[in-house]
Amino acid sequence: MWRNIARSAAASCLRRSRRFSTAIPGPCIVHKRGADILHDPWFNKDTGFPLTERDRLGLRGLLPPRVISFEHQYARFMESYRSLEKNTLGQPDSVVSLAKWRILNRLHDRNETLYYRVLIDNIKDFAPIIYTPTVGLVCQNYSGLFRRPRGMYFSAKDKGEMMSMIYNWPAHQVDMIVITDGSRILGLGDLGVQGIGIPIGKLDMYVAAAGINPQRILPIMLDVGTNNQRLLEDRLYLGLRQPRLEGEEYLSVVDELMEAIFTRWPKAIVQFEDFQMKWAFETLQRYRKKFCMFNDDIQGTAGVALAGLLGTVRAQGRPLTDFVNQKIVVVGAGSAGIGVLNMAAQAVSRVAGNTGASPNHQFYLLDKDGLITKERKNIDPAAAPFAKGPGEIEGLREGASLLEVVKKVKPHVLLGLSGVGGVFNEEVGIPLVCFYIFLKHIKKSEIDFIYLDLHAIVLVVDERCDLVCLYLI
């Protein structure tokens, strides 16, 4: 049922607005000729150039004589994609996913107009290929998969040159930039320069799902080294072969890059993506009041989660003021988990009308070592505001398991934001790995509210269920 809702809603949105996302107003002036056009994915139409354009642009003789329409090209690509699906049946999921990514990537390299049309029309099928979960596999193997550069690469070796380098990007106007340093790619850890797959995939999603002009996006990889020994020993690795920069040396490189970006494009939005937690919070505080930027792991995830949390209150027929009484358990003390808690705490403060510090008594934070309390040694400063004191957790100890916390606290909301496997099981509630299966088999009469988004699914079942579950994709 929910799949049909999502499909019809997406199709309706595409019909209303998406068709204009890649439109170029007025005639397109092309300053290239001949083979240069065919090698430029922005202007290349493959066999779609009519004879008049072939004459004007010096393309006669460089293409087969038959002119094939855009619609025919579209149908031919989709036929090739479906054939790939049939030919890879029974093969390992990783092999199939990479094969699908390759065929889409080849189209992206050759004909961007056709690529984005295919992506927009088939976003439900292709989103898992160009972004999670396949993008993680792509990043792990990126050095071997690399064929053609996409985006920009800045490294620690470029210090002092970034202001001139930024003008090497051919687009005169850039609206959206996604940047990563590769230090914490998804739940895979430090992947160094191979993390460029994340900004590329995320921006493609913005084009297809949010209508951003694809000619005004820029994925950036900031390579400051890697602490991944496997990559340092890999003869195919494309990044700097040195340990990661730390401290002021690291920050000075990021400072220079940010100054370069906003000198050329002062109105651009810069999104920080998949930075390890210590630098995620540090850079957010360092730049948020000076530049138009945000951290997706801290603020983006938190914004979607808060929308879901407030939506669940309304879905249960309660006033928003009841949100202050919701007991929330968060599993995962990384940038996403703490970001969600910070935003939830701000929301509680506003709803309650408090002007001082946000009340955190109803928030419970767990990491791989269990419940975080003030007895924890070397507690991270970002997690400290949510650490429970001895008087707040009667019956629960430092490091208590998720099952113990759920049984004792009886939370209204459980959020899974951890990259550690095996935390959730059937005793806790709905295991995240079985969430889609659960949705498929639940009876329609038992569903009060389903919130669908590209980032999250929030499910609220009827009053007989004591637990509201939110699963961030």
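Is Thr-283 buried or exposed, and what relative accessibility places it in that class? In this predicted model, Thr-283 has a relative accessibility of 0% and therefore counts as buried, the cut-off for that class being under 20% relative accessible area.

The residue belongs to helix α14, which comprises residues 277–287, and its side chain is placed beside backbone oxygens of two other residues. A polar atom of the Thr-283 side chain lies 2.6 Å from the backbone oxygen of Trp-279, while the backbone oxygen of Ala-280 is found 3.3 Å from a polar atom of that side chain. When neighbours within four places in sequence are set aside, the contacts of Thr-283 are with Leu-251, Phe-272 and Met-293.

A second element examined was helix α4, which spans residues 70–87 and contains 18 residues. The distance from its first C-alpha to its last is 26 Å, close to the 26 Å expected at 1.5 Å a residue. Within α4, the residues Gln-73, Tyr-74, Phe-77, Met-78, Tyr-81 and Leu-84 are buried; because they cover an arc of only 130° around the axis, they are placed on the same side of α4. Exposed residues, namely Glu-71, Glu-79, Lys-86 and Asn-87, are located on the other side of the helix.

The packing partners of the buried residues of α4 are likewise helical elements: these residues pack against α5 (93–110), α6 (112–121) and α7 (123–130).

Notes:
Residues are numbered from 1 along each chain as its sequence is written. This is a predicted model: local features need pLDDT of at least 70, side-chain atom pairs count only at pLDDT 80 or more; totals for chains, interfaces and linings use all residues. Side-chain values use heavy atoms; hydrogens and water are left out. Helices (H or I, at least four residues) and strands (E, at least two) are DSSP runs, numbered from the N terminus. Buried means under 20% relative accessible area, exposed over 50%, partly exposed in between (1.4 Å probe, protein chains only). A polar contact is a pair of N or O atoms within 3.5 Å; within protein, one must be able to donate a hydrogen and the other to accept it, and residues adjacent in sequence count only if both atoms are side-chain atoms. Contact means heavy atoms within 4.5 Å. The expected span of a helix is 1.5 Å times one less than its number of residues. The arc is that of the directions from the helix axis to the C-beta atoms.
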